[in-house]
Amino acid sequence: MALKIVKGSIDRMFDKNLQDLVRGIRNHKEDEAKYISTCIDEIKQELKQDNIAVKANAVCKLTYLQMLGYDVSWAAFNIVEVMSSSKFTYKRIGYLAASQCFHESTDVIMLTTNQIRKDLSSPNQYDTGVALTGLSCFVTPDLARDLANDIMTLMSHTKPYIRKKAVLIMYKVFLKYPESLRPAFPRLKEKLEDPDPGVQSAAVNVICELARRNPKNYLSLAPLFFKLMTSSTNNWVLIKIIKLFGALTPLEPRLGKKLIEPLTNLIHSTSAMSLLYECVNTVIAVLISLSSGMPNHSASIQLCVQKLRILIEDSDQNCEPSVNACMKYLGLLAMSKILKTHPKSVQSHKDLILQCLDDKDESIRLRALDLLYGMVSKKNLMEIVKKLMLHVDKAEGTTYRDELLTKIIDICSQSNYQYITNFEWYISILVELTRLEGTRHGHLIASQMLDVAIRVKAIRAFAVAQMATLLDNAHLLTGNMQRNGICEVLYAAAWICGEFSEHLENPMQTLEAMLRPKVATLPGHIQAVYVQNAAKLFATVLKSQEGNTDSTAAQETSQLMIDRLPLFVQSANLEVQERASCILQLVKYIQKLQQKDVEIAEEVNALFAGELNPVAPKAQKKVPVPEGLDLDAWINEPPSESESEDEQPKAIFAKEEPKHSRPRHTEVDEKELARRREARKQEQANNPFYIKASPSSQKVYQDTPGVEHIPVVQIDLSVPLKVPGLPMSDQYVKLEEERRQKERAEKKKKEKKKRKEKRSGRGKKHDSGPESEEDITPAHQVDIVTEEMPENALPSDDDDKDPNDPHKALDIDLDKPLADSEKLPVRSHRETPKSPAEDGDTENAALQEPKKKSTKEKREKKKDKDRDRKKSKEEKKKKKHKHEEKEEDLLGGQADAPVVQSEETSEVVAPPTSTNPEVSDLDFWLSNAPVPSNTQEATTVAEAEAAPPPEAASGTAPDSEPDQPQDADTEEAKSSKHKKKKQKKEKEEKEKKKKKKHHHHHHHSDGGGEESVQNGTVEEEEPLPPMSNYCLLAENSYIKMVYDIQGNLQDGSQVVVSVIFENKGDSFLKSMEFNVLDSLNSKLQRPDGSGPHDGLTVPFQLPPGVSNEARFVFTVQSIIMPQKLKGTLTFIVKNEDSSTHEKLDFKLHFTCTSYLITTPCYSDAFAKLLESGDLKGSSVRLEGVNMPFHHLLARICFHHHFSVVERIDSCASMYSRSIQGHHVCLLVKTSGQTVSIDAKCDEPTLLGNVLDEIKQTFSQC
Amino acid sequence: MIKAILIFNNHGKPRLIRFYQYFAEDMQQQIIRETFHLVSKRDDNVCNFLEGGSLIGGSDYKLIYRHYATLYFVFCVDSSESELGILDLIQVFVETLDKCFENVCELDLIFHMDKVHYILQEVVMGGMVLETNMNEIVAQVENKISPSGGLSAAPARAVSAVKNMNLPEIPRNINIGDINIKVPSLSPF
């Protein structure tokens, strides 16, 4: 009974599915965490079950819990298990869980490689799809490297659904494994013209992502994209392309010229706002890129601004309000881009933008603020800031108010205070800003105060007065602890008052203010500044008091210091304490001297003599390395312990070398430096905003002739912090207006006097425009001290680049031809089928060799020519035969250019007649733009185009089957051949070469690491004879087929038949169809929806002399018996004049060996297996075997998919496993010419057949 | 690129999260909280773009969201995506959900998170837009579901009646919804 209850509850427990879990969580609102933890315990139990359905259910629940924030990485292995389920619904759950919680450091990811590869090549497109989707989320560099080739094959899959996914995922692969970009790019480019719009869109998507980071590499695709832009009707694709053009135009202004017209048309015609908006954006980008060159695009600018204004101000009643707001937002965003180059066109809409500051939507207000930043001028700065100050008062949320505050400061301080004409006004603004409660930006205001006070010498007196007032009223700022942020301002105030104390009206009062006990409540770093600057003030006070006859005043001051400082000496802050005690001792000493009537003011002042200059933030970094100093050189040679260690450091430094490029600054020769220094001095002299570094700069200011007619503003320096009624800065706005009027009047007078006087530095730019920017003279002759930089420092813009940007690695030249070494890594045991593909090649060697040689030679020659030309050739090569007609369309304007060139005729050798080596296809395409000076050039290019260089033609021939899924393989084969020629000396290579000389190939690296090591030692003894598993399937005068059968490790009912088709004749073979008469036991897997007797289309065509491989999946039920299947290949033979239908019958032989899979096995596991007693034995004797023992083993390994477990002298144990999990163990012994094989297997029939096949193998040799 | 897709309800409870860049679970929750905080305080009439969820991405990234009845759909995207396009994609996604679940409501998302994921996988893959054509998406989803009993078999819907999500009509004039809606010819094998 009790047992029953337990069992029942267990059943229910396993029954709980995702819905139950969710319901349970919802029913346990109060103790959710507890409930979930019991659920997790249940899940852990479920994961221990063998039933995959239970596991999948558990993993599904975990995915839900992951969303709630629970870490489920502990179940990673179970997730992998569910991923490898053969049932799609479970597999999908596994992949979903993996995509939610796997990442690069999940270690089980390594285990998934084979599973994913299997799923990718699954005949079920949904398995493939789900694997691609999952992989896109957790791809790692290792997975990317291992699977790049498989994914690339899928890019040519028959189903658009798979193609589209494969194309998209390539972007992720590129990111993780940049080496794959170049080999994969040609196919990616092909996909831009895929018949399926979804695939096309995916390809556009990927290339746009790539080009966004490294646009220059994709310029050559511009004509193709242009064509897509004018032909596509898919708005998504259009948007992407137009965005891409936006990124390309800055690199190639001519492209912009070509774009303006179609884009303008789109703007007028489209009804989709998203498209319209992107068009406007790109037109803006074009106009920016053209801004220097083409003057007459005001119509386009007007169009853009006008459309944007509509976006901003119109709210459509039919739209959701939020969508209207979106339009407004985007309108402002685009406006800010126009602003950069065409400020005038935007400034006329100032009203609209100021209006947006009142919008209830914060994002819109922020955008408007951004715009204002760019719209200010000397003329309107005060007005705009005044408006902003009003908003500061009105603003409710502190975030927005803080944003306003930073914007005001940004606006005022931009480009070195360029727009500020009156710094008194600016200081007042800063002081007003300190009234903001609870702002976080106290430090920002403080740093502005410091910056202005230090750099604008003329303003110091005023600034000091203001700061003194601030210090006096410090209680206003610090009264409330909530306002903490703002007390940073006191830091600046104290420092300014101390440093420039000579300007203080009443230093004594300020000194007292700084030593108030309340100061001790300020943050430590501010107290420290207070203490230090109190000392400076003290020095100043002493100086003024010592002149008096009455010495008591000075002594009283010292006493004040001695009274107040101990408070700071007790401070918990170390810095405050240290400074205070230091200064206290100093003052005590001074007091002693004072009592002896010694005059010490001079000496005390000497403590703080000298002026502090501002230093640029990056100055330290830019100190050049002095000439002759080599930072990399050893100061003391490191003791060399041994030769081998000696080499190591060298290697390290060789690698690091590029990093040390900075010291190159020193190479600039002395003359150049002198010249630059001179130029800079010149520049500074001409710029009124800079002063010379001479110490007398203050006098310069006073001597400036302009100073007389500056209205002297009488400011009450003791203005209280708050002027009732009118905020202080407003006074300046009024005053400024008056001042400007006055100035204008004066100027008129001056003009009447024929402008005899010209103010130095300003005279050059003096325009007569009555209201132009330059006319507004600053109220103060502003001396902005430049920030100090080390001598010789060079402006370098590489400071901000992020070395960790993954896109940096993708900055790869895609136009360069693929080098031999560039290929995607292919799974090792897949190399076997490849080599016979090469067999085919080598048999054709006689035919192909001369051709290839010439190509190579010409390539060599080409290298000498300049790079542009090379590029252009490559381009032509790629495009020539494919885009011929389309290009012609684009060239419509050049009717006289004879461009048509068919594939056949391109074989005709015509030497290149190009007269202009600089011109590439792109140039040609671009030059079609209506630029008169270019037309001549264009026609010459057109001629060059008409006669393509011969190497282009011959070069394309071998590549001309773009749709072959295997062409990576053939490419590989080809490239390894090149290697052969290059005679690489690595041992591995050598071995390969030897094998290649014979028309067979051995490759054997299926096994695990240990196993291959053993084989390695075997091979060392004596070179192995070449071997191949491919055997002839059928052959006639047109075509030859060889095949190999391999089992599928993950799926016990599948074998893959790889067939290599080789075109033996000189006609073109196409429409090949492969069909097999299924038996009860073995069936060819056909795509969904096709009948049991339909043939499979071979996914490629064969030009003469070319071979290619296709794979077919068969399902088998029983694997214990060998089997033969009859089949037929039908194909069309196409000659120049005729085409005939041909067929070729064949018999596929499924041996038992082909169901075995090389599986490494350790000797202890092997021993256990034999001990278990489940295996039945059988044995066979081979007589007259005349070969070394290791050759014998290698043959068994290679032909029959065994691996060596252990080998002792002339005795070896071997192991293999069938796809359905049968273990096959062999003990091979040899004595003389007799070989005896004792074998054990859990399936005697299978074993018998395998042994027969082994026997047959050796009887053949 | 899309960096993350978040769906949460008016109380900030996540209904689906999909990050296309790795974040640890606690970070994910923090991002959800912060995003909810940013989005929920906004009026329904204000614009659907938000700059600077400081946790994801930084200045190049924007939050683009839509609010339907009880749910927020938030996409975090970088500058390579068109803002209005993504806004429309959200609409396409929600309409797809509506078709697949037959009048979708929050409960459907609560009880069938996995299926929502499978639908999303047909729209966005690895942070890139895979398909924008609703018919195509629905066809793909149904192709895969049909052997195992259809998405619409959602008994949970009967549990309680919850207000429908009130899908608004696609605004007529902006036409961003008008992206390539035609049944594509499925290419033969």
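**Exercise 1. Identify the residues of chain A that form a salt-bridge network around R145(A).**

Solution. In this predicted model, salt bridges link D142(A), R145(A) and D146(A) into a network. Over all chains, the structure holds 37 salt bridges.

**Exercise 2. Determine whether D194(A) and K191(A), which meet in a salt bridge, are buried or exposed.**

Solution. Step 1: the side chains of D194(A) and K191(A) meet with an N to O distance of 3.6 Å. Step 2: a residue counts as buried under 20% relative accessible area. Step 3: D194(A) has a relative accessibility of 7% and therefore counts as buried. Step 4: K191(A), with a relative accessible area of 4%, is buried.

**Exercise 3. State which parts of chain A are tied together by the salt bridge between K227(A) and E193(A).**

Solution. Step 1: the closest N and O atoms of K227(A) and E193(A) are 2.6 Å apart. Step 2: K227(A) belongs to helix α13 (residues 222-231) of chain A, whereas E193(A) lies in the loop between α11 (181-190) and α12 (197-213) of chain A, so the pair ties together parts that are 34 residues apart in sequence. Step 3: E193(A) counts as partly exposed, at 26% relative accessibility.

**Exercise 4. Describe the salt bridge of D78(B) with R212(A) and the interface between chain B and chain A.**

Solution. Step 1: the closest N and O atoms of D78(B) and R212(A) are 2.9 Å apart. Step 2: D78(B) is in the loop between β5 (71-77) and α2 (83-101) of chain B, and R212(A) is in helix α12 of chain A, so this salt bridge joins two chains. Step 3: D78(B) counts as buried at 3% relative accessibility, while R212(A) counts as partly exposed at 22%. Step 4: the contact takes 73 residues from chain B and 74 residues from chain A. About 6900 Å² is buried between the two chains, 58% of it on carbon and sulfur atoms. Step 5: the rule finds five salt bridges across this interface. The side chains of K164(A) and E131(B) also meet in a salt bridge, at 2.7 Å, N to O. On the side of chain B that touches chain A, the residues divide into 33 nonpolar, 20 polar and 20 charged.

**Exercise 5. Check the length of helix α21 of chain A against its expected span, and name what its buried residues pack against.**

Solution. Step 1: helix α21 (residues 362-375) of chain A has 14 residues, which at 1.5 Å a residue should span 20 Å. Step 2: its end C-alpha atoms are 20 Å apart, in agreement with that value. Step 3: the buried residues of α21(A) include I364(A), L369(A) and M375(A). Step 4: the buried residues of α21(A) pack against α18, α19, α20, α22 and α23 of chain A, together with β3 (49-51) of chain B.

Definitions and conventions
Residues numbered from 1 in each chain as written. Chains lettered and ligands numbered in written order. Predicted model: local features only at pLDDT ≥ 70, side-chain atom pairs only at ≥ 80, totals over all residues. Heavy atoms only, no water. Contact = heavy atoms within 4.5 Å. Buried area = accessible area lost by both parts, 1.4 Å probe. Salt bridge = Lys/Arg side-chain N within 4 Å of Asp/Glu carboxyl O. Nonpolar A, V, L, I, M, F, W, Y, C, P; charged D, E, K, R; others polar. Helix = DSSP H or I, 4+ residues; strand = E, 2+ residues; numbered from the N terminus. Expected span 1.5 Å × (residues − 1). Buried < 20%, exposed > 50% of the residue type's maximum accessible area, 1.4 Å probe, protein only.
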